[in-house]
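Subject: Structure handover

Hello,

Here is the structure I promised to pass on. Please open it and keep it beside this email while you read.

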Amino acid sequence: MKQTILHVALVVRDYDEAIEFFVGKLGFTLVEDTYIAEQDKRWVLVAPRGSTGTNLLLARPSNSEQAAYVG
């Protein structure tokens with residue numbers, strides 16, 4: 001049975017700040033940036049340039065407990 005990991009979540013303080021770091025500084029590709037109105041969040045995926053494997057899901061914390069994991 002083939003198994004894969006598609007997304008690894010990384011809790012970030014601010015979506016745009018994280019995109020600037022990964023895309024602007026590290027040269028990653030912005031794979032998707034979709035606003036989800038029901039949650040007032042965004043689905044943001046970035047990946048190393050040329051990658052066809054795992055993406056990073058940049059996730060904003062929903063509460064103070066999750067905020068402790070920023071970074």
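Start with Val 44. Its bridge partner in strand β4 is Leu 58. Strand β4 covers residues 55-59, and it pairs with β3 in the antiparallel sense. Three bridges hold that pairing. Bear in mind that this is a predicted model.

**The strands**

Strand β3 runs over residues 41-47. Is it mostly covered or mostly open? Mostly covered: five of its seven residues are buried.

On to its other pairing. Strand β2, residues 29-36, is joined to β3 by seven bridges. These two strands also run antiparallel. Find Leu 30 and look across to β3. Its bridge partner there is Val 46.

β2 and β3 form a hairpin, with four residues between the strands. Click on Asp 40 in that hairpin. Its phi is positive, near 50°.

One residue of β2 is worth a stop: Thr 34. With a relative accessibility of 35%, Thr 34 counts as partly exposed. Its side chain makes a polar contact with the side chain of Glu 32, at 2.9 Å. Which residues does Thr 34 touch once its neighbours within four places in sequence are left aside? They are Lys 41, Arg 42 and Trp 43. Now compare Thr 34 with Glu 20. They are 14 residues apart in sequence, and their C-alpha atoms are 16 Å apart in space.

**The salt bridges**

Side chains of opposite charge can pair when their charged atoms come close. How many salt bridges does the structure hold? There are three.

Take Arg 13 and Glu 17. Their closest N and O atoms are 3.2 Å apart. Arg 13 is exposed, at 59% relative accessible area. Glu 17 is partly exposed, at 43%.

Next, look at Asp 16 and Arg 42. Their side chains meet in a salt bridge of 3.0 Å, N to O. Asp 16 sits in helix α1 (residues 15-25) and Arg 42 in strand β3, so this pair ties together parts that are 26 residues apart in sequence. Asp 16 is partly exposed, with a relative accessible area of 46%.

Arg 42 also forms a salt bridge with Asp 33. Here the closest N and O atoms are 2.7 Å apart. Asp 33 counts as partly exposed, at 35% relative accessibility. Put these together and you get a network of salt bridges linking Asp 16, Asp 33 and Arg 42.

**The core**

Now turn to the nonpolar side chains. In soluble globular proteins, such side chains tend to be buried together.

Which residues make up the largest nonpolar core here? It has nine: Val 12, Tyr 15, Ala 18, Ile 19, Phe 22, Phe 28, Val 44, Val 46 and Leu 58. Helix α1 and strand β3 each supply at least two of them. The largest share, four residues, comes from α1.

You have met some of these names already. Val 44 and Leu 58 are the bridge partners from the start of this email. Val 46 is the partner of Leu 30.

Tyr 15 deserves a click too. Leave aside its neighbours within four places in sequence. Tyr 15 is then in contact with Lys 41, Arg 42, Val 44, Leu 58, Ala 59 and Arg 60. Val 44 and Leu 58 are in the core with Tyr 15.

**The rings**

Last topic: the aromatic pairs. The structure holds two.

One is Phe 21 with Phe 22. Their ring centres are 5.2 Å apart and their planes are at 80°, so this pair is edge-to-face. Phe 21 is partly exposed, at 42% relative accessibility. Phe 22 is buried, at 10%.

The other is Phe 22 with Phe 28. Their ring centres are 5.4 Å apart. Why is this pair called tilted? Because the planes are at 55°, and the edge-to-face label needs over 60 degrees. Phe 28 is buried, with a relative accessible area of 18%.

Together, the ring pairs link Phe 21, Phe 22 and Phe 28 into a cluster. Phe 22 and Phe 28 belong to the nonpolar core as well.

Best wishes

How values were computed. Residues numbered from 1 in each chain as written. Predicted model: local features only at pLDDT ≥ 70, side-chain atom pairs only at ≥ 80, totals over all residues. Heavy atoms only, no water. Buried < 20%, exposed > 50% of the residue type's maximum accessible area, 1.4 Å probe, protein only. Pairing = 2+ DSSP bridges. Salt bridge = Lys/Arg side-chain N within 4 Å of Asp/Glu carboxyl O. Contact = heavy atoms within 4.5 Å. Polar contact = N/O pair within 3.5 Å; in protein donor to acceptor, adjacent residues only side chain to side chain. Core = buried A, V, L, I, M, F, W, Y, C linked by side-chain atoms within 4.5 Å. Phe/Tyr/Trp six-rings, centres within 6.5 Å; stacked < 30°, edge-to-face > 60°.
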